[in-house]
Amino acid sequence: MLSDALKREIESHIHEPEHRAAACTEALRIVQRERGWIDDESIRDIAEFLTMTPHELDGVATFFNLIHRRPVGRNVIRICSSVSCWVLGYDKLRDALQKKLEIKPGQTTADQRFTLIPNQCLGCCDHGPALMVNGDLHRDVDPDRLDDVLNRYA
Amino acid sequence: MAIIYIDGKPLETQDGQNLLEACIELGLNVPYFCWHPALGSVGACRQCAVKQYRDENDKQGRLVMSCMTLVTDGMRISVDESESKDFRANIIDWMMTNHPHDCPVCDEGGECHLQDMTLMTGHNYRTYRFKKKTYVNQNLGPFINHEMNRCIQCYRCVRYYKDYAGGHDLDAFASHNHVYFGRHEDGVLESEFSGNLVEVCPTGVFTDKTLKEHFTRRWDYTTAPSVCVHCALGCNITPGERYGKLRRIRNRYNRSVNGYFLCDRGRYGYEFVNSDKRPKAPLKRQMIDGKPVHVPMTRDEALSEIGKFFSNGSKAIGIGSPRASLEANFALRALVGAENFYLGLSKADGKLLSAVLEIVLSGPARQPSLGELKDHDAVLILGEDMTNVAPIAALNIRQSVNNQPRANAKAMGIPEWNDLPVRRAMDTDRGPLFIASVAPTRLDDVATQTFHATPDGIASLGFAIANFIDPQSPAANVSGEVRALAQQIATALQSAQKPLVVSGPSCRSEAVIQAAANIAWALCRKAKPAGIYFAAPESNSVGLGLFGGANIENAAEALRKGGADTLVVLENDLYRRVPAALVDELLSLAKHVLVVDHQYSATAQKAEYVLPGATFAEGDGTLVNNIGRAQRMMQVFNPEGEITESWRWLRRLRAASGKGREDEWISFDSFLHALVAEIPAFSHILDAAPTAAFRVGGLKIPRQSHRYSGRTAMKANVAVSETGVTADPDSPMSFSMEGFSMMTPAALMSSFWTPGWNSAQSITRFQEEVNGPLEGGDPGVRLIEPQPDSAVPYFDAVETNESHDAAWTALPLYHIYGSEELSASSPAVAELSPKPYAMLHSDDARARGLLDGDAVTVKIDGQEISTSLKTNDTMARGVVCLPAGLEDAPYIEFPAAAEILRSVTS
Ligand code: SF4
Ligand code: SF4
Ligand code: FES
């Protein structure tokens, strides 16, 4: 069920009544902000609200890797896996993260603190390797000093 | 016309085409995936790259996607140039990185466009050496098997399913190298046209699930051109047989009929042919241990015993059938005499059919072909749920709503084939489609306006529309709201280039049919080339109607009068057509009852004698579709036991009785000539297909491919020597691999194959132009043409009688799966047929204290039907809708007065 507040907020992104579906990416973003991820029920509810079918909406939801279709931890780490970061030490950084968190990309730590997701390009090729935790971008990350970054997130 | 230079050669092409279409028409091998003749171009797969040069001095050139390049006069391209060749081979290489290369276990293998294109590009060795992606497949219901690993991301499936067929439950998921085509979750695909995915998908992602149960490779079938028998549209099909079983149905292209597509009832309804309940030998009822049992007898026993009933001086009554061929009906008529031949329809059905025939035979409006439905630009449907009654007509009407918006795109200079920008330009615009019906229909999602009312209400709307168009046409007494709608519809039809009025018998109302005629005629008289299109109930309803004759009730009267000892029922389960009590009476009045049918129907089960008839796949015959197009079905394979065409059984009886000569009508052609001589209305059916004497280069046309395997061994369990080839005196086709398989006239084409083109896509090699007729013309002949100057008077408007007495009017709702007799016994179709229900308007239900899901009893004509209640917010008031024709449901003569009571639960 979408709360009235959520519906109102989504509604504010609908500009043409015959194109309700055009607000679907906004709707997914809004609902994810509230719920952390988009479960099947959210897909069905948003789809109904926007006069789409769940199939159509899920096509959009699964397209974007910023939309989570599985539960994530309290903090989401996106590690840049594009070619510049790879040249600048992505492999080492990824391995260090995996070792520290004891998870693989796509997984969440047992204490639900972190989810690790690879991300194609964070837009700072001149400062790789880079990663982003929630909304914060971390550049020139030193794999040996990962704690400096991670300790900031409970 | 444009001259273009391909590899230096000047060649003629058509203006406005894209380069890929031009190359296809020129017979060049340019590989492609995402382009489809019905779907246009999107440039998604990059497979169709060719080199284009600025002028003759340009030696460098540049790669272009041929499907996205407009043909222009003087343009220079190369298909053979090495860079473009390498590019095409590379594209396949990349596409195949995740492909499992599992052709040997893939149902598509041998008729796979991906195999063909891979060979064509010369990509022979895999270079990718890493792990492949694997996907989880989905259960998509009884029709379609899903194997996502084989996907090459061409997007044809979703473009067909969503954009063309109007589905909303198949989509593309995720992105980059893990795009997934399927549903949001497992479940039955909702579209009635999902089976076409099997032919649209160029690889083995979507394959025929029913075929999986008895799989056969493409080259191992015996096939012949045939016609779908599961509704009146007569879509052209290619059935495939092996080891005596019908294994699948594939589409057979005919631009004037079904084009590239079939509905799922037509594709998956075939398994009734393989039913082991069918009679395979003549049967005679005997009492064994006090119970009536059918015991087999030999052909000779049957003929000598039954033949006597028809000898001179004795009188027999014959009841024909709208699901039997013209030939079968004619043979029955010849056996019992025209005066004793009855149509096999109830009085009510007969009346509706005659109403339609009268209109199309005498009126000025032309009936478009099924294929032409796509070309109309404003459509009004009166009283039909086309998707459930005439499915492919619904699919084509769905395309018609794009015509007006497409014209806008064209005016913006976007070529018609350029699918994405055309769709962007069309956006949510749709051309006019108005649907007046009793309950919601499956085309409502693209309708401009829907109107739900009783049949009388629908008819009145119709009469009001006609009156707006031509004041000479009688006015109807309607409310202001209906008047406004009528005016809106009249204006839309009048301002269209090619308006179309669609109707049919589903409302059980002559007035609805006549209102449709008035509208179309009014348009014609105002100089609009309006089309009229009527749905018909069964595969040969119109053919039967053209014979003319009385109905089942009249047959009962004749029997009651006495004088006739024998009743012959041809391919007809009377219990589906008239009340059971009447059938029981009919069967008891006659001393001898003979049923000739391929089904062991309720009627057959009560007969004294049953003769095993052939299904469409086992015999030759002619069917006349809803608009009067006569089409020939050729026998696909030789059936088991004594099964043979009904017409042949009846001919044999005629000879056995002494009425006909032993050597008369032995061949199909001689029989056809007798038919035509007797009933001139059918004279053109001779042109539906070449005669049996036809040869190409002195040879017959083979039903089997030159790669047909195992012929010497396939019957080794019976006898080690190779069995001989059965002769076919009835058609120019042979039951073997031998013969001449090229230059075949379209009416005899069942297998579209040419070297390098093994898949369904090979069809473009047999069309005169892309989306054009088959070479030499599409098979089939129209028996009914309009009378342009007809002065036939308008029909009088109905007096609407909106008195609400206590009784409900019960009306039928037809279901694509379940309402048609033959397909309903095929397991995949049966799985999707609805549970019995009674449907009321929610407010009507509430007023009686009833809720959705309640157990109710519907009382009609003294019958009590216990069922479950469904409610609907928009359907007509005062009406209760019941599903039509479901197996085991009692016969109801609609419209009927009904009472609805809450069931007493014990
Ligand atoms: S499933 Fe078939 S039609 Fe759909 S994208 Fe993949 S290959 Fe193309
Ligand atoms: S629309 Fe009718 S004729 Fe065509 S495939 Fe379906 S059932 Fe058969
Ligand atoms: S066919 Fe031209 S890009 Fe796919």
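This report describes parts of a predicted model, taking in a contact between two chains, one strand with its partners, one helix and the surroundings of two ligands.

**Contact between the chains**

Chain A contributes ten residues and chain B eleven residues to the contact between them. On the side of chain B that touches chain A, four residues are nonpolar, four are polar and three are charged.

**Strand β21 of chain B**

Strand β21(B) spans residues 499-503, and five of its five residues are buried. In a regular strand, side chains point alternately to the two faces of the sheet. Both faces of β21(B) are covered, with B:Pro499, B:Val501 and B:Ser503 buried on one side and B:Leu500 and B:Val502 buried on the other.

Two partner strands of β21(B) are set out below.

| Partner strand | Residues | Sense | Bridges to β21(B) |
|---|---|---|---|
| β18(B) | 378-382 | parallel | four |
| β22(B) | 531-534 | parallel | four |

In the pairing with β18(B), B:Ala378 has B:Pro499 of β21(B) as its bridge partner. In the pairing with β22(B), B:Gly531 is the residue opposite B:Leu500. Between β21(B) and β22(B) the chain passes through helix α17(B), residues 510-525, in a right-handed β-α-β crossover.

**Helix α4 of chain B and ligand 1**

Helix α4(B) comprises residues 156-164 and is mostly covered, seven of its nine residues being buried. These buried residues are B:Arg156, B:Cys157, B:Arg159, B:Tyr160, B:Tyr161, B:Lys162 and B:Tyr164. Among the elements that cover them are β8 (180-182), α5 (197-200) and β9 (206-208) of chain B. After α4(B) comes B:Gly166, which has a positive phi, near 75 degrees.

Two of the buried residues of this helix, B:Arg156 and B:Cys157, also belong to the surroundings of ligand 1. The residues around ligand 1 further include B:Cys151, B:Ile152, B:Gln153, B:Cys154 and B:Tyr155, as well as B:Phe181, B:Cys201, B:Pro202, B:Thr203 and B:Val205. By type, this shell consists of nine nonpolar residues, two polar residues and one charged residue.

**Surroundings of ligand 2**

Ligand 2 is surrounded by 13 residues, of which B:Cys228, B:Cys231, B:Cys235, B:Cys263 and B:Gly266 are the closest. Helices α7 (264-268) and α12 (391-400) of chain B are the elements that each supply two or more residues to this shell. Eight residues of the shell around ligand 2 are nonpolar, four are polar and one is charged.

Terms used:
Residues numbered from 1 in each chain as written. Chains lettered and ligands numbered in written order. Predicted model: local features only at pLDDT ≥ 70, side-chain atom pairs only at ≥ 80, totals over all residues. Contact = placed C-beta atoms within 7 Å. Nonpolar A, V, L, I, M, F, W, Y, C, P; charged D, E, K, R; others polar. Buried ≥ 20, exposed ≤ 12 C-beta atoms within 10 Å, placed from the backbone. Pairing = 2+ DSSP bridges. Right-handed = clockwise from strand over helix to strand, strands pointing away. Near = placed C-beta within 6 Å.
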